[in-house]
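Visitor: I would like to understand how the terms used for a structure are justified, one residue at a time. Could you take me through the reasoning?

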Amino acid sequence: MADLSTMRTPAIEALVTASPASHLAALTALPPRTRFSFRGRPAAVTAFGTVLGFDLPQVACRFAEDGARRALWLGPDEWLVTLPDREATAFAGAAATALAGLPSSLVDVSQRSLALAVSGPMAARIINAGCPLDLSPDAFPVGMCTRTLLGKAEIVLSRTDEARFEIDVWRSFADYVWRLLEEARREFV
Amino acid sequence: MIIVGAGGHGLATAYYLATVHGITNVAVLEKGWLGGGNTGRNTTIVRSNYLFDESAGLYDHAVKLWEGLSQELNYNVMFSQRGVLMLAHNIHDVQSFKRHVHANRLNGVDNEWLTAEECRDFCPPLNIDASTMRYPVLGGALQRRAGTARHDAVAWGYARGADARGVDIIQNCAVTGIRRGPDGAVTGVETSRGFIGAKKVGVVAAGNTSVVMAMAGQRMPLESYPLQALVSEPIKPIFPCVVMSNTIHAYISQSDKGELVIGAGTDAYTSYTQRGALHITTHTLDAICELFPMFRRMRMLRNWGGIVDVTPDRSPIIAKTGVSGLYVNCGWGTGGFKATPGSGHVFAHTIAKDEPHPINAPFTIDRFRDGFLIDEAAAAAVAH
Amino acid sequence: MSGAFRLPSGGRIDRSRPVRFTFDGRDCRGFAGDTLASALLAEGRHLIGRSFKYHRPRGFLSAGSDEPNALVGVGRDEAHYTPNLRATQVELYDGLVAESQNRWPSLDLDVGGINNLLAPLLPAGFYYKTFMWPKKAWTSFYEPKIRAAAGLGRSPGAADADRYTQHYAHCEVLVVGGGPAGLAAALAASDSGQRVVLCDEQAEFGGSLLSERQAMIEGLPAAEWAGQAAAELAARANVTLLTRTTAFGYFPHNMIGLCERVTDHLGVADPRLPRERLWQLRAREVVICAGAHERPIVFPDNDRPGILLAEAGRTYVNRYAVQPGTRAVVFTATDSAYRAALDLRAAGIKVAAIADLRPEANGPWPTMARKAGIDVRTGTSVTGTSGRLRIRQAQLAPIRADGSVGTSEPVACDLLLMSGGFTPSVHLFSQSRGKLAWNANLGAYLPDVSVEAERSAGACRGVYGLEAVLADGFAQGAAAARAAGGTTSPVRGLAVKATDCGHDASSARRPTAAIACSPRPSSTGRTTSPPRTSSLPPARASSRSSTSSATRRPAWPPTRARPRT
Amino acid sequence: MLIIACPYCGPRPELEFRYGGEAHVARPVDPSTLSDEDWGAFLYQRANPRGLHAERWRHVHGCGRFFNALRDTTTDFFAATYETGTPRPAGTPADGETSR
């Protein structure tokens, strides 16, 4: 049986190592974290909020966070929840208890994707090399998140700061996304 | 008799009604101008390497007619059997194309397997360096009898031939209704220029078939999608054949005028706008640039769209309908040009005899009730 | 020093930066700021290519993107070779390598020219009526021969060495075209604080202003004002300026495709930069300021090297400080060509005669031309030209009251400027699926019903005259910003000092008799005798494509053409 | 590239969506009672009008939801988008009519 721990090593390690620095548009790989995909009806949503420690965001395409925990609205009944690995087991247990009997789904999808950050004054422009959304602060303010596309790959994009975006991407697409961003960054390094 | 639509298929139908069946009291009605729809907008590829027996019969019938068409029409349609090479990029492609090769040979249709190197030898601009490609070339299926023809000349040649035998071709004449008698049978068509009586009406309206058939109360198993094509500026001869790649989605040839002729894909949604989105063409050009990196600096001269009518099984309908005296030839999707002579030939037979020719007998509308589908989705160049 | 035909002063070229390049292997010189076309003209080269079918000698016709003849291949090696570039758009850089196309063995001595002599045997569409027997010969003989004769340039022989990027962008107002209308529109729209993108296909903003000799705006020479306006826009944080950027397509829901040529004008480019950048730009509102194209006049042998559009002649003289000839004939149906004649004269070029198709011409520019002593002949047509590789002579003949043509008189010249009026550039508007309407007064199709959120400003919607164009630009730019949800400051009025020449001949003075000139150039290459026709064939209803019919129609008289029915 | 107003996420570029064909095609409650004719029609016959078209889209690279839209197939402009399960908006022209 394959050692599952090896799957947490970044699929893009070599690319990250070779990546040039840039204060205009920095590209970094974020450390591993636990991800849950949560889907549920209102009763389950409320119950889940109690375990999480804060209410799941109800406004479309917005994330809420408290400390190291973050919940991203992905659809009318779907959220992506991220939290530190060390809290994962306890959290999953507590959530299972709270959700018992309430139609819902909670799946650990930590292995599925990894996270990158693009930051700096050119961050939006770099992402726009592959993402067709309007990323101006008016159209995509801090606190906004959404599933979208970067080139041919699906990503979850969130704006954590005026000049900082996080990208959640499926592991098998990660090197493609990284290279695409590197290509766009090339004139800013 | 009335033929609705003066594209290649409609004009060919009229031509064969006159020449084979001696029926010359025929009007071909065209809402726009002769050959101005998909006939004048396609990428002119002619081939017959389809998988199923029914399709092989139909498309190879067409290729055989293509081979003598210039002489028959006394009009040079510039049929050029320069070979169509379909590239395989993964194991599935290899298996599928080899299956096609064998199936074609059993049907008497030429098709052969080439290694990647043989593909490059056949088409020198082709890049087969796997280290530079996302999808390496693992080989290809080559039909040498396949090739291209000059699309406008086909319409003009059939139009001249039909006209010379007494067929009336009426342009700028849109069909606005199909009139039926008390017994339900067709009695003629209403047009933007008045009523024309006829006992038999053949609808060959390509992308607009659903709209015309609705005039006779017929719902069709069709959806009409935009399909784009583009050409580069003309250059001296460099590209000797036709190359198609279903997997990364590109097909390309070079016209006698020197333009690189490139077919893009269908847009995702139904539309009658005769245009498509930029991301569809850039997707195809990405593939062209990967397969033929020397063409990357070439600039595209023109880009346009057509309306293609697509059936659920990607095979055409050439058949009688539920309405007496009403016949339909449609559903050619992205690949009707190649079949023009064969389609017109068997459709003329169907109208003249009120029964299908053996070759088009399987291509009924009823197959969508009875389940005898001819699923050629894999043989179509475009995943439509 | 570059070129014997370079004017000693003036122009927007940088004389402190000489540039060396080669054309067909020959060493040439020019200056930074030249195009390949202007530098070759400065060297006295007019023959630049051969026509597609008959291999007729061809020279520069225009000075911009509407150039039909001067197609060249450019690139230092196969991995950087680009065929079919317009020499009028290729910016000169040190080490540029250019070659002519569609000739063998050389441009001056081209064997393919034999087709020109065979022309009477090769009617239009002859391919379709022959080459069918014996059947086998099509594959083995005819088709390879036809194919070998086709094509203009050649494909690059190696994989492209450059890289390309693409970019999605959004703005409230996109202004396409950075001439006077576009600059004014961008200034007005950006007052709102909204995101404004201004793009222009040329290396610098200004458009027609860059070719002005006399016009003043706000007390500045027009070109200087353009530079100042561009600088003002560049200083605004909400404005993105894109030069060398062509808006090549108008896609559904206000998405515009832009091709930005980033490094093609550089001999040595920063390797971090892509060669080209594709912009897929979504604009809330679009202002099209595409200007107008000057129409050539159709007359026998109007394609000889040395025959240019009048505005192009003016551009070469004023913007590039090049003498496109030493002795010019001007053939016109508009007042604007008189302005060109006077600009030529100011640059020391002798103007042998102005032949004006109209029975009279009394506007301010014709008056100035007469005052300057130029031989102005109204009611006169050019009925033919001679000269093998460059024009040597033009035949001028009076037009009689009944429309027939009198005896022609040869006038020696090495330059012929022509102007048949202007056709508004409505391509982008038409791509947006907007509907055109025929304007009989202007003799042109103009944007009528919009489909997408766009509007046109300036010459591309038939507004001519510098002051009017600037005012229209401001008004449309402001309107676009408001439509995009912004608020704008009051429209600025600019102090303009310029003598307008109108768009075209005034319709009131338009002759009633049809003008005699053969509708098709002679295809034989011989010097032709005066045309036999005594009047134009009756105008036909235009073909389906309204855009192309607008440009295909014989230039004169515009009243004869009708809109589609 | 069209702009499509997802009822949940707002206007978004076409790339994020997948087209789902004709809307309001209800699967027969008991297919076994249908004639071959009717079953074939349910499976394969589609409206395909020239003009307004009620159609399904899925915001597959966004919120993941299916929804319905009214689009004019002669212009590609949308007249409305609305949630799956809700009726076609009142006051909109019939299929095949033009929306502007």
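Visitor: What makes Asp354(B) partly exposed?

Guide: In this predicted model, Asp354(B) has a relative accessible area of 35%, and because buried means under 20% and exposed over 50%, with partly exposed in between, Asp354(B) is called partly exposed. Asp354(B) sits in the loop between α9 (340-353) and α10 (367-370) of chain B, and its phi is near 55 degrees, a positive value in a residue other than glycine.

Visitor: Why is Arg244(C) called buried?

Guide: The relative accessibility of Arg244(C) is 17%, and since buried means under 20%, Arg244(C) counts as buried. Arg244(C) lies in the loop between β12 (239-242) and β13 (245-251) of chain C, and it has a positive phi of about 50 degrees although it is not a glycine.

Visitor: Why is a positive phi worth pointing out in a residue that is not glycine?

Guide: Most residues other than glycine have a negative phi.

Visitor: How do you know that Glu259(B) forms a salt bridge with Lys257(B)?

Guide: The closest N and O atoms of Glu259(B) and Lys257(B) are 3.9 Å apart, and because the rule asks for a Lys or Arg side-chain nitrogen within 4 Å of a carboxyl oxygen of Asp or Glu, the pair is called a salt bridge. Glu259(B), at 7% relative accessibility, counts as buried, whereas Lys257(B), with a relative accessible area of 41%, is partly exposed.

Visitor: What makes Glu172(C) and Arg284(C) a salt bridge, and which parts of the chain does the pair link?

Guide: Their closest N and O atoms are 3.8 Å apart, which is within 4 Å and therefore meets the rule. The pair links distant parts of the chain, with Glu172(C) in strand β8 (residues 164-176) and Arg284(C) in strand β15 (residues 276-288) of chain C, 112 residues apart. Glu172(C) counts as buried at 10% relative accessibility, while Arg284(C) is partly exposed at 48%.

Visitor: Why are the side chains of Glu232(C) and Arg236(C) said to meet in a salt bridge?

Guide: The N to O distance is 2.9 Å, and because the cut-off is within 4 Å, the pair qualifies as a salt bridge. Glu232(C) is partly exposed, with a relative accessible area of 33%, and Arg236(C), at 17%, counts as buried.

Visitor: How many salt bridges does this rule give over all chains?

Guide: The count comes to 72 salt bridges over all chains.

Key: Residues numbered from 1 in each chain as written. Chains lettered and ligands numbered in written order. Predicted model: local features only at pLDDT ≥ 70, side-chain atom pairs only at ≥ 80, totals over all residues. Heavy atoms only, no water. Helix = DSSP H or I, 4+ residues; strand = E, 2+ residues; numbered from the N terminus. Buried < 20%, exposed > 50% of the residue type's maximum accessible area, 1.4 Å probe, protein only.
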